[in-house]
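Q: I should like to learn how to read a structure that holds protein chains and a ligand. Where should one begin?

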Amino acid sequence: MLKVDGVSTHIGKIKILHEIYFQVEKGQIVSIIGANGAGKSTLLNTLAGLYRPTSGTITLENDVISGYPANKVVEKGLSLVPEGRQIFSNLTVKENLLLGMFSKYYKEKKLAEENLTKILDMFPSLKKHLKNLGGNLSGGEQQMLAIGRGLMSNPKIILLDEPSMGLAPKIVYEILDTLMIIKEDLGTMVILVEQNVKAALKVCDQAYVIDQGRIIINGTRDEISSNPQVISAYLGIKSAGA
Amino acid sequence: MELLMQYIVTGLTVGSIYALLAIGFVTVYNITGILNFAQGEFAMIGALTCITFVNAGLPMYASIIFAILISATIGLIVERTAILHARNTSVIILIIITIGVSTFLKGMGLIIWGTNPKQLTPLIKMEPIHFMGAVINPQSIFIFIVLLILLAVLYVFFEKTYIGSALRACEKNPRAAKLMGINPSTMSALAFTLAAALGAIAGILITPITDATYEMGFLIGVKGFVGMVIGGMHSIPGAVAGALLVGLLETFSGGFISTFYSDAITFLVLILVLFFKPNGIFARASGERV
Ligand SMILES: Nc1ncnc2c1ncn2[C@@H]1O[C@H](COP(=O)(O)OP(=O)(O)OP(=O)(O)O)[C@@H](O)[C@H]1O
Ligand SMILES: [Mg+2]
């Protein structure tokens, strides 16, 4: 279980996140939805240790992970697939994937091979590109690479920041299917940040709506899907592209 | 013709020395964003430490290895003390710190080894070779071969090993590298250590030709830096090519104009490059998908 307990984040002197409370239970996909600039990425980056929260604690299965730098947080079992994919364009697909388990690589070389096989089974289209540079892949393949790389460390929870960004609907649904596999087959918890609310509500168990750095609505998928405020603000005109 | 050949040989020899420094510069710069102006001092430390061991009766090969190891350790210590604790300040401050470190190391060199130039017998004792009218010092050939071997080793290290891929990831996208579990501070330590070792090798290689003094590091370091800038500041091959060019430029301008002006001419070229081709003279348009 991931527990976020009163977390606030400042960037410079500006308070971006205001006492955020939420949790992800084992076996759940939790969606965080909100408009541009609502603080979604700031929240994920804080969970991943890229920002240090100015108040509150983050606990992952009884282990406090807040206050650690990002390179330690991933060792503790939280993996972030950042906004814009951020794959290493100068590295091959294989190198990208293997770096995903940096902290374990030297200790568990066999696991590296196993995980590589597992990820390639999950994303077969990456197989033929193993020796290609990450920068040469299509947008959809890059997103799969970014997710695969995030899974290489066998995280307890994986955070995805707008994986659908700039992708064709068909690819978006492929990625959503993968999230179900991650949840069901790997048993990994998932936090999915999306502007494509319709898509997010297809796969999540719980959803939180964030606005100006505060969680304003939360509930199960069905509750959120039928919430009038959500319908008018996020599922109305905006869902046209989904 | 003979002169031309002689200048080429000499130019490539000093250029190879600058190249080793330039590789250190570019590696540290790519990984940490810092221009390490203490880089040249490691040539001094390497050379003088090696001479000290040789004079104490150690065999040449052992002296060289110890000198490289000691220089690398000092490089690591510099990174862990002067750089690490200032890591969150601006890059400009970090660069100024490296200038301070440079002055400090030079001062230590002066205290330990004094002002007298010191000599080192060449590793390979051979008569000079006559080739197309030029007289080639066997040490020059040795320097060139060492450079080629090191380039091959570095290529394998950066391109074919796992830790090398982590270093390249850190160069490209330090934030994403951090998300992989790569500690940028470890990579920074690695870069400084590697650069110090390369500097030491350069110092040890040049000493049989020019002798070593406590202040030898400055000019070598600056020339290595110029080589890196001319080569575009982003790749080892670029830095090496730039440094070889600096070596050639220096000997040719020294030979055809005046040795008195050869340094000035080198810097003139640096300024021209910065002005007209700020990405280095080997820069080419590179397409990249985002
Ligand atoms: N580095 C920064 N410096 C200053 N302000 C920042 C910085 N990063 C984010 N912000 C501010 O924090 C707020 C939240 O930004 P954040 O990127 O978390 O939004 P988001 O919900 O992810 O938006 P989007 O959907 O566009 O990705 C915004 O007002 C943004 O301007
Ligand atoms: Mg965002």
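**The ligand and its surroundings**

A: One may begin with the residues around the ligand. In this predicted model, 13 residues surround ligand 1, and the closest are A:Lys40, A:Ser41, A:Thr42, A:Glu83 and A:Gln195.

Q: Which element of chain A gives the largest share of the shell around ligand 1?

A: Helix H1 of chain A, residues 40-47, does so with three residues.

Q: How do the residues of that shell divide into nonpolar, polar and charged?

A: Four residues of the shell around ligand 1 are nonpolar, six are polar and three are charged.

Q: Which atoms of the protein lie beside oxygen atoms of ligand 1, and how are such pairs read?

A: A pair of N or O atoms is read as a polar contact when the two lie within 3.5 Å. In the side chain of A:Lys40, a polar atom lies 2.7 Å from an oxygen atom of ligand 1. The side chain of A:Glu162 has an N or O atom 3.0 Å from an oxygen atom of the ligand. For A:Ala38 the atom is a backbone N or O, and the distance to a ligand oxygen is 3.2 Å.

Q: How much of ligand 1 does the protein bury?

A: Ligand 1 taken alone exposes 630 Å², and the protein buries 60% of that.

**The two chains**

Q: How is the interface of chain A and chain B described?

A: One may count residues and then consider area. Here 30 residues of chain A are in contact with 23 residues of chain B. The two chains bury about 2,300 Å² between them, with 60% of it on carbon and sulfur atoms.

Q: Which side chains meet in a salt bridge?

A: The count between the chains is one salt bridge. The side chains of A:Glu95 and B:Arg168 form it, at 2.8 Å from N to O. Across the interface there are also seven residue pairs in polar contact, both residues being at pLDDT 80 or more.

Q: Which helices of chain B supply residues to the side that touches chain A?

A: Helix H6 (162-172), helix H7 (174-179) and helix H8 (184-210) of chain B each supply at least two residues. H6(B) gives the most, with seven residues. By class, this side of chain B has twelve nonpolar, four polar and seven charged residues.

Note on methods. Residues are numbered from 1 along each chain as its sequence is written. Chains are lettered from A and ligands numbered from 1 in the order in which they are written. This is a predicted model: local features need pLDDT of at least 70, side-chain atom pairs count only at pLDDT 80 or more; totals for chains, interfaces and linings use all residues. Side-chain values use heavy atoms; hydrogens and water are left out. A residue is near a molecule or strand if one of its heavy atoms lies within 4 Å of it. A polar contact is a pair of N or O atoms within 3.5 Å; within protein, one must be able to donate a hydrogen and the other to accept it, and residues adjacent in sequence count only if both atoms are side-chain atoms. Accessible areas come from the Shrake-Rupley method with a 1.4 Å probe; for residues, only the protein chains shown count as cover. Helices (H or I, at least four residues) and strands (E, at least two) are DSSP runs, numbered from the N terminus. Ala, Val, Leu, Ile, Met, Phe, Trp, Tyr, Cys and Pro count as nonpolar, Asp, Glu, Lys and Arg as charged, and the others, Gly among them, as polar. Contact means heavy atoms within 4.5 Å. Buried area is the accessible area (1.4 Å probe) that two parts lose on being put together, summed over both. A salt bridge is a side-chain nitrogen of Lys or Arg within 4 Å of a carboxyl oxygen of Asp or Glu.
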